[in-house]
Amino acid sequence: MTGNSTGARGILFDVDGTLVDSNYLHTVAWWQAFRRMDHDVPMSEVHRAIGMGGDKLVGHLLGEDRDKDQDAELDDTHGAIFSAWWPSLRSFDGARDLLLACADKDLTVVLASSASESELKVMRGVIDADSAIAAATSSADAEESKPSPDILASALDSSSLTAEDTVFVGDSVWDVKAAAELGIPTIGLLCGGTSEAELRDAGAEEIFDGPRDLLDKLDQSLIGRLASHPAPQAEQ
């Protein structure tokens, strides 16, 4: 839902690398999955692709001339390896408080994740802010993964939000590019391991170190300005 205003204002949050410190675990899990199927992909290249959906990531790293019959097995292997680290997952400092603060400003808080449903359930438990979360998406809610904007469009639809009344918070260039396709302004966080220069080049309007830094400066951020404006009238 990216058209007429509904009167609601909200914040879409990516989860992996934005609220939960998981990007480097995903990197190692993908690296091991590739190695098990005789693909030697440097970890630095894997990390730069984190934020894409698994289907897009495999094609991006292995190219169009790969054996595409391996794609599903690579994705499943990554998921199995990553699941071994679920008990070790931690949210970033300030993640829970940031979501609660956004909800306290009468903003609709939506998790716009392309993680699997099982992974998202684990990460929601790690964040521990369900009272603030109005809706959440997983990979099951989109036909195409990031950098396609499908998951963000689904997040808007699930919460009756429109792009013009929304801000997106993410940590990867793929997050920023997906949001740009829908005209959603993006706040980039550095905690996922992507540089400020790369996020700004992709189109991020503001940059913060992580959830705590954004929370500390919330009123001066895009989120604070969105919350301070009078709520738009819903179209009849």
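1. A good place to start is the loop between β3 (133–137) and α7, where proline 147 is found. The peptide bond that joins lysine 146 to proline 147 is cis, with omega at about 15°. Please keep in mind throughout that this is a predicted model, so the cis bond is a feature of that prediction.

2. While you are looking at loops, have a glance at aspartate 106 too. Its place is in the loop between α5 (95–104) and β2 (108–112). Phi of aspartate 106 is near 65°, which is a positive value in a residue other than glycine.

3. Now for helix packing. Two packed helices are described by the angle between their axes and the distance between the axes. For α1 and α4, the angle is about 130° and the axes lie 8 Å apart. An angle of about 130° falls outside the 65 to 115 degrees that count as roughly perpendicular and is not over 145, so α1 is oblique to α4. The crossing of α1 past α4 is right-handed.

4. Which residues make the contact between α1 and α4? From α1 come Leu25, His26, Ala29, Trp30, Gln32, Ala33, Phe34 and Arg36. From α4 come Leu74, Asp75, Thr77, His78, Ile81 and Phe82. Sorted by class, the residues of this contact are eight nonpolar, four polar and two charged.

5. The other pair to look at is helix α7 (residues 150–158) with helix α8 (residues 173–182). Their axes come within 8 Å and cross at roughly 60°, and α7 and α8 are therefore oblique to each other. This crossing, too, is right-handed. On the α7 side the contact is made by Leu152, Ala153 and Leu156, and on the α8 side by Ala178, Ala179 and Leu182. By class, the contact of α7 with α8 has six nonpolar residues, with no polar and no charged ones.

6. Turning to the pockets, the largest has a volume of about 570 Å³. It is lined by 32 residues, and those closest to its centre are Met52, Gly53, Gly54, Ser114 and Ala115. Four helices, α1 (23–36), α3 (54–62), α4 (71–83) and α6 (117–127), each supply at least two residues of this lining. Which helix gives the most to the lining of the largest pocket? That is α4, with five residues. So the helices α1 and α4, which pack against each other, each contribute to the lining of the largest pocket as well.

7. What is the make-up of that lining by class? The lining of the largest pocket has seven nonpolar, 14 polar and 11 charged residues.

8. The second largest pocket has a volume of about 160 Å³. Of the 13 residues that line this pocket, Arg48, Val173, Trp174, Thr194 and Glu198 lie nearest its centre. Helices α2 (43–49) and α8 each supply at least two residues of the lining, and α8 is also the helix that α7 meets in point 5. By class, the lining of the second largest pocket has three nonpolar, seven polar and three charged residues.

How values were computed: Residues numbered from 1 in each chain as written. Predicted model: local features only at pLDDT ≥ 70, side-chain atom pairs only at ≥ 80, totals over all residues. Heavy atoms only, no water. Axes fitted to C-alpha atoms, helices over the stretch in contact; angles between N-to-C directions. Parallel < 35°, antiparallel > 145°, perpendicular 65-115°, else oblique. Left-handed = near helix turned anticlockwise from the far one by under 90°. Contact = heavy atoms within 4.5 Å. Nonpolar A, V, L, I, M, F, W, Y, C, P; charged D, E, K, R; others polar. 1 Å grid on protein atoms, 1.4 Å probe; cavity = no way out; pocket = protein on both sides within 12 Å on 5 of 7 lines; lining within 4 Å. Points joined across faces, edges and corners; volume = space filled by probe spheres on them.
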